[in-house]
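Me: Please take a close look at one part of this model, the nonpolar core and what surrounds it, and walk me through what the coordinates show.

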Amino acid sequence: MSLASTPTLILGGTFDPIHVGHLRAALEAAEAFGAIVRLLPAPVPPHRPQPWASAADRLAMLKLAVNEQPQLQADDRELRRAGPSYSVDTLGELRTELGADTPLMMLVGADAFADLPSWMRWRELFELAHVVVLTRPGAVGRTAWSAELTALARSRETTATGALLAAAHGSLLCLPVTPLAISATAVRAALQAGRSLRWLVPEPVLDYIEQHRLYRATNR
Ligand code: ATP
């Protein structure tokens, strides 16, 4: 593969906190495309309640989680930008940095993808990047996609990873990943109920949560 076709993959999210569901899905996407996945914590996610942990704590946990895993990297660009963070702006910034020809892929979980038409300037996302949908237990299946998403899939979907590597942007691909029914909501709930988080989040993240007393019901 020529250097010019080495793709850039990103996975944005609240990561409140990062958990094994994120990490395993990101790693499998990295392996599918032979590339690094950058994990981008969002400061004020549009359409979402405010995070429980501060941006600094969420970034610190993300860095601990990807430490010594060369296929995954923390990217704090959205935290350095003022105001709400829209994927279309982030992809535009990356496209400027990468140039017109480098394949750029935005990874999203199947639950997030089902809401894509509510995202800011969502159709423009495909002029900047490919979209790779990561399967996720509990997410609505394609039979429940909106008419807009069904039409989008009809015109843009491929099952060939090579098709995404051969173009800079414009395609949709659903990537089956190991189904892990883990969510940050369930991680926080387990902690607040006094249950163990072991094997739901990496050990160093678990230690960080304990040390900083994060996600206690009283310190929101
Ligand atoms: P919350 O429970 O707080 O809503 P979350 O677990 O969904 O959080 P996010 O940070 O919102 O985590 O997720 C970031 C991205 O990772 C989203 O695109 C989401 O769909 C995807 N994702 C999260 N968990 C999984 C999982 N277990 N399997 C596949 N994709 C996932």
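Reply: Contact here means heavy atoms within 4.5 Å. The model is a predicted one, and with that in mind, leaving aside neighbours within four places in sequence, Met 61 is in contact with Pro 17, Ile 18, Ala 53, Val 205, Tyr 208, Ile 209, Leu 214 and Tyr 215. Met 61 is also listed, together with Ile 18, Phe 33, Val 37 and Leu 39, among the residues with the most contacts inside the largest nonpolar core, which has 40 residues. Helix α1, spanning residues 20-33, supplies the largest share of this core, namely 6 residues. Apart from this core lies another, of 24 residues, which includes Val 88, Leu 94, Phe 113 and Leu 125. In soluble globular proteins, nonpolar side chains tend to be buried together.

Helix α1 also matters for the description of the second largest pocket, since the largest share of its lining, 3 residues, comes from α1. About 160 Å³ of space lies in this second largest pocket, and its lining is made up of Leu 23, Arg 24, Leu 27, Ala 65, Val 66, Asn 67, Glu 68, Gln 69, Leu 72 and Pro 202. The elements that give two or more residues to that lining are α1 and α2 (55-66), and by type the lining residues divide into 6 nonpolar, 2 polar and 2 charged.

Turning to strand β1 (residues 8-13), Thr 8 lies in it and counts as buried because its relative accessibility is 8%, under the 20% cut-off. Leaving aside neighbours within four places in sequence, Thr 8 is in contact with Arg 38, Leu 98, Thr 102, Pro 103, Leu 104 and Met 105.

Note on methods: Residues numbered from 1 in each chain as written. Predicted model: local features only at pLDDT ≥ 70, side-chain atom pairs only at ≥ 80, totals over all residues. Heavy atoms only, no water. Core = buried A, V, L, I, M, F, W, Y, C linked by side-chain atoms within 4.5 Å. Buried < 20%, exposed > 50% of the residue type's maximum accessible area, 1.4 Å probe, protein only. Helix = DSSP H or I, 4+ residues; strand = E, 2+ residues; numbered from the N terminus. 1 Å grid on protein atoms, 1.4 Å probe; cavity = no way out; pocket = protein on both sides within 12 Å on 5 of 7 lines; lining within 4 Å. Points joined across faces, edges and corners; volume = space filled by probe spheres on them. Nonpolar A, V, L, I, M, F, W, Y, C, P; charged D, E, K, R; others polar.
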